[in-house]
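Here is a friendly walk through one molecular structure, a few places at a time. Keep the sequence and the 3D view side by side as you read.

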Amino acid sequence: MLSRTADSLFWMSRYIERAENTARMLDVTFQVSLLPQSPRLRSQGWHSVLAISELRQQFDASHDTLTGRDVIEFMTRDADNPASIYACLRAAREAARAVRGSLTTEVWETCNTTWLELQRRLPGLALHADPRDFFEWVKFRSHLSRGVVAGTMLRDETSSFLALGAHLERADNTARLLDVAFVEATDESDGEAGDASLAFYRWSALLHSVSGFETYRKVYRDVLTPSRVVELMVFNPAMPRSLRCAVDDVIRSLEDVATERSLETLRLARSLRAYLDAGSVQGLFDRGLHDFLTVFLDRVAELGNRISRDFLVPLSD
Amino acid sequence: MRDTAAPQPYDEMFDADGRVRPHYQAFAQWLQEQPPEAIVTKRAEADLSFRRVGITFAVYGDEAGTERLIPFDLIPRIIPAADWRLLQAGLRQRVRALNRFIHDIYHDHEIVKAGIIPPEQVFMNPQYRPEMQGIQVPGDMYCHVAGIDVVRAGQGEFYVLEDNLRVPSGVSYMLENRKMMMRLFPELFSRIRVAPVEHYPDLLLDSLRAVAPDDRNAPVVAVLTPGMYNSAYFEHAFLAQQMGVELVEGQDLFVDANTLYMRTTRGPRRVDVLYRRIDDDFLDPLAFRSDSVLGVPGLLSVYRAGRVVIANAIGTGLADDKSTYIYVPDMIRFYLGEEPLLANVPCWRCSRPDELSYVLAHLHELVVKEVHGAGGYGMLVGPAASRAQIEAFRAQLVANPANYIAQPTLALSTVPTYVESGIAPRHVDLRPYVLSGRDVTLPAGGLCRVALTEGSLVVNSSQGGGTKDTWVLED
């Protein structure tokens, strides 16, 4: 396969996954913001959204206030924000258009229809009356896109690069989500923290954001505890959006496309899995989840760079 | 329904007395049975579907319209089997002669020595490529894909309007229009026997493989596109996909040890046949335009060594130039010893003073075209132009007469077409796609372009024309 084609496939699915995760993140933040709480806590959720995506500076440059409404607007339909859902889906569609010949008609049409439908929906959308409706739509289009890839694409390099992009992005996004949620939960030291029901809703919202609430119940058949939520989202290899599962999926795709040049990258990915395997919930809490996730995110970024170098933009002729 | 005020051009569906011609009867019968609302629904469905599939067209110099749909009309152009037999034979004859001509020009110049074509017409032509002199190309084939524009005029006789031998486009519309008609009106195809065109990509791949360098037994074919912002990008991607070959840009290719390679995830892979959709000028910055970023440095030298085949060959523009067009009937007689089966449109060469003075005196009734122009840009349609337009054009013409030819304004045939006010006749042309590989072949069909503005003769999609499905009937 052409390196340029692989590059577009990789980024196409990264962008679709990113749009989905942004929708998930906004959804959970919106839900939590509906809980009874102090104004400070409420706005903290929206601060976190920007922190997760490392967009605070860019946001401040164009905004005087920071409300839920502002952040939702910025992260959904602000065309100037490269991380907005709009920009991600536009980039995904551009990438798909560049390689439409390598996609089945169904995959291309799904991506193109998402883009056309988005343009039709966004301008007049009563976004703030019921943002969840829009987030659901974004998630649903992402499900559809995954399904149509799984159901129609030949299982060759093309699917592997699509999978590689999606899973690498997912590993990154889930780690960020967890990081911010956890920082917030442990920061509730000003009296409200003692409010058990608030904590419950926070954790359950986090689980919902990775479609993990029912899974939690099924796996633990128990009340929500922070350590188990973390265990499920970091270590459980059967939980599709856990870090462990995303890394497994990255390794599988890398094995499928491996060349001599990419062996070091594969080794790095496997060592990232070993890093997860060696960890324990207790260890995480002792050491600090934030530190652990920072290392994880750095490794994921390094993997992305190496994949680029090995396959997508080969340096030597 | 029919406009009867003006003198009637030949209509493909109705005869001069307004009776449906025999080959349209089954269709007319069906159309009559359709409730008008159903057709309105189907038209909307077609639009939506073209958008979803992404069959869009970029128009240069038009910011807002970067992705526009080409209007698609639901009433097909139908060609009876007997007419098609004539067209097919005439087109194959013409393209054979054109291939022979290009080979001759880049080898022994027999036709020039015989005094049939003046040497300056060939060797002073900007489309003549000295780099091609003496180069052997497999099978002596040069125009692997030719789009020959054919019109019907007068009492229904066919004329060749122009030969497109460089990078003719539009074939994806021929295929997508058929797919659309079959999707919208499947029952029509069970009633009427329409020759299929869907195998075109197979024919194309077969032709391209047939001209691969001799020593390559499993030749690798790739389609070279200028990229996704080119107006015909959809078609490039479509053809690559349908043939199952890579769609490459210049940046994906490189030359090493006089061999052309593409950069893949598994390292370099040799390319044997390059179906290029970019002009000669941009192919190789070392040989042609040095500012081109679309091409591949060193490509020409690989080509000259016979280690890659470029389709269409470099330098075919010489033969589709509008000033060379005039000589095509003579080429057919010279190389094939046959009489041309399809006529040329009569033509005045503005480079000749006597012919120029005739043209200047009759600008209001002639069509004047740039010799090297394409896409309907830079032309004057006398009868449709304002006095001011004519005067502006006259100045250009006088300043550089050799740059123009003129033709009578043909009353192009019409086909009934959906317009704002209902169904009305609109002028059409036809571009069949002729392939030169092992042999010269063509699928039974082509792209039918229709001028949607009443009375307009300009059918180019860049000028707001639309398209129709073209049906060649089977006996």
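## A buried arginine

Arg77(B) is found in strand E1 of chain B, which covers residues 72-79. Before going further, keep in mind that this is a predicted model.

Is Arg77(B) buried or exposed? Count the C-beta neighbours inside 10 Å: Arg77(B) has 29 of them, and a residue needs 20 or more to be called buried, so Arg77(B) counts as buried. Which residues does Arg77(B) touch, if we leave aside its neighbours within four places in sequence? Its contacts are Glu12(B), Val415(B), Val428(B), Cys448(B), Lys468(B) and Thr470(B). His144(B) makes a handy landmark here: Arg77(B) and His144(B) are 67 residues apart in sequence, and their C-alpha atoms are 26 Å apart in space.

## A hairpin in chain B

Val415(B) and Val428(B), two of the contacts of Arg77(B), lead us to another pair of strands. Strand E16 of chain B spans residues 414-419 and strand E17 of chain B spans residues 422-431; six bridges pair them in the antiparallel sense.

How many residues make the hairpin link from E16(B) to E17(B)? The hairpin passes through two residues. You can find the pairing in your view by looking for Val419(B), which stands opposite Gly422(B) in E17(B).

## A covered strand with two partners

Now look for strand E15 of chain B, residues 404-408. This strand is mostly covered, with four of its five residues buried.

E15(B) runs antiparallel to strand E12 of chain B (residues 348-349), and two bridges join them. It also runs antiparallel to strand E13 of chain B (residues 366-370), this time with five bridges. Ala406(B) is a good place to see both pairings: Ala406(B) is the bridge partner of Trp348(B), and Val368(B) stands opposite Ala406(B) as well.

## A three-stranded sheet

Another part of chain B holds an open sheet of three strands, in the order E6-E7-E8, with antiparallel pairing. Why do E6(B) and E8(B) have a side without a neighbour in the sheet? Strand E6 (253-256) and strand E8 (267-270) stand at the edges, each with a single partner strand, so one side of each is left free of a neighbour in the sheet. From one strand to the next, the twist averages 45 degrees.

Strand E7 of chain B, residues 259-264, pairs with E8(B) over four antiparallel bridges. To spot this pairing, find Thr264(B), whose bridge partner in E8(B) is Gly267(B).

## Domains of chain B

The domain assignment of chain B gives domain 1 (22-122 + 145-193 + 425-472) and domain 2 (351-408). Taken over C-alpha atoms, the centres of domain 1 and domain 2 of chain B are separated by 26 Å.

## Where chain A meets chain B

Let's finish with the two chains together. The contact takes 20 residues from chain A and 22 residues from chain B. On the side of chain A that touches chain B, helix H1 (3-33), helix H5 (85-98) and helix H6 (105-121) each supply at least two residues. H6(A) gives the largest share, five residues. By type, the residues on this side of chain A divide into nine nonpolar, five polar and six charged.

H1(A) deserves a second look: 29 of its 31 residues are buried, so to speak of it as mostly covered is fair. At 1.5 Å a residue, the 31 residues of H1(A) should span 45 Å, and the end C-alpha atoms are 44 Å apart, which agrees.

Conventions. Residues are numbered from 1 along each chain as its sequence is written. Chains are lettered from A and ligands numbered from 1 in the order in which they are written. This is a predicted model: local features need pLDDT of at least 70, side-chain atom pairs count only at pLDDT 80 or more; totals for chains, interfaces and linings use all residues. Two residues are in contact if their C-beta atoms, placed from the backbone, lie within 7 Å. Ala, Val, Leu, Ile, Met, Phe, Trp, Tyr, Cys and Pro count as nonpolar, Asp, Glu, Lys and Arg as charged, and the others, Gly among them, as polar. Two strands pair if DSSP finds at least two bridges between them. Axes are lines fitted to C-alpha atoms, for helices over the stretch in contact, and angles run from 0 to 180 degrees between N-to-C directions. Domain bounds come from an automatic or database domain assignment. A residue is buried if 20 or more other C-beta atoms lie within 10 Å of its own, exposed if 12 or fewer, and partly exposed in between; C-beta atoms are placed from the backbone. The expected span of a helix is 1.5 Å times one less than its number of residues.
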